[in-house]
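Visitor: I am new to this structure and would be grateful for a guided introduction.

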Amino acid sequence: MDTNKPNPFASLEQKFNEQFNNKNKITKTREPINLKKHMKTIITLTVVFAVLIILLANIYVVKENEYRVVRQFGEVVDIRFEPGIYMKIPFVQSVSTLPRYQMTYNVSEAEINTKDKKRIIIDNYAVWRISDPKAMITSAGTLLNAEARMEEFIYSVVRTELGQLNYDEIINDENTSRGSLNDRVTARVNELLKDDDYGVEVIDVRMKRTDLPPENEQSVYTRMISERQSIAQKYLSEGDADKRTIEASTDRKVQEMVAIAQKEASIIAAEGESEAAKIYNQSFSKDPEFYALYRTLESYKKTIGDDTMIILPSDSPYAKILSGYLE
């Protein structure tokens with residue numbers, strides 16, 4: 001038998017031996033973990049993790065458009081407004097935010113009396129900002145309280161200023177009496193806020209709307225229509241008067257021009273007739289008999305017509321020429 005020939009069952013034999021060995025292998029048991037040995041590491045990691053959480057919880061960021069108010073046991077100890085990252089004292093300090101940008105506040109509608117005793121409803125708005133956060137917190141406490149005090153001052157100043165103007169001056173934007181009203185109101189409100197140290201500044205106060213109470217609207221509209229009609233009638237009357245004045249002046253100028261033209265025409269005609277008579281005299285003086293004949297013939301044109309009857313002596317020169325006897 002050839003021993004060098006490969007065994008065709010070698011692979012099956014190898015798999016069988018591996019399965020047999022796995023069944024007979026003795027399973028080893030693991031030793032229990034010794035927690036006491038790793039307790040120090042666990043405590044260290046726990047403390048480090050807790051410190052990181054506390055640090056992260058007490059870091060705050062200041063943005064460009066805000067104030068960050070730091071309080072310690074309720075009292076303001078610091079105000080941050082420079083952009084950056086800061087840290088507060090854990091469990092002792094707290095941080096709140098106030099806006100640093102300009103804000104708009106709609107003042108409540110109010111009814112006031114004008115100088116001419118008319119009641120109107122005004123609606124204003126104000127642009128304002130916090131200029132001193134610590135003073136604002138000390139005097140007002142909150143933004144709502146600051147806006148409430150600002151609204152009281154605005155209403156008081158607007159009522160005083162508009163009470164010195166007539167209704168027509170208020171509603172007419174082109175009237176110079178109201179030109180600097182917004183500036184005066186803004187300046188006066190800022191003075192009152194500064195006197196009480198509220199820490200806020202009003203940038204501008206503007207009037208959005210002026211209206212009449214509902215019960216007065218119709219009567220005022222009727223009066224305004226009547227006034228406008230009266231003004232229109234006045235303009236029409238003035239226009240008619242100007243028209244008559246212009247027409248009379250024009251007629252007078254025309255008559256003067258016609259009179260001057262007629263005068264100049266009469267002068268020219270007289271000069272022409274004079275020159276013609278002069279020429280006739282010079283011409284007819286050369287032959288008087290012809291001139292006499294010409295004058296007689298011209299008279300026939302004026303005296304003799306279709307129904308003309310002339311009774312003359314037969315020996316009259318006038319009759320002789322008419323009958324054709326020229327000698």
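The exchange below concerns aromatic pairs and a helix.

Guide: This is a predicted model, in which local features need pLDDT of at least 70 and side-chain atom pairs count only at pLDDT 80 or more, while totals for chains, interfaces and linings use all residues. Residues are numbered from 1 along each chain as its sequence is written, and side-chain values use heavy atoms, with hydrogens and water left out.

Visitor: How many aromatic pairs does a search of the whole structure find?

Guide: Rings of Phe, Tyr and Trp (its six-membered ring) pair if their centres lie within 6.5 Å; planes under 30 degrees apart count as stacked, over 60 as edge-to-face and the rest as tilted. With this criterion, the search of the whole structure gives a total of two.

Visitor: Are the rings of Tyr-60 and Tyr-86 stacked or edge-to-face?

Guide: Their centres are 5.9 Å apart. Because their planes meet at 25°, the pair is stacked.

Visitor: Is Phe-153 buried or exposed?

Guide: Phe-153 forms an edge-to-face pair with Tyr-198, at 6.2 Å centre to centre and 70° between the planes. Buried means under 20% relative accessible area, exposed over 50%, partly exposed in between (1.4 Å probe, protein chains only). At 10% relative accessibility, Phe-153 is therefore buried.

Visitor: What span should helix α4 have at 1.5 Å a residue?

Guide: Helices (H or I, at least four residues) and strands (E, at least two) are DSSP runs, numbered from the N terminus. The expected span is 1.5 Å times one less than the number of residues. For the 20 residues of α4 (143-162), whose end C-alpha atoms lie 28 Å apart in agreement, the expected span is therefore 28 Å.
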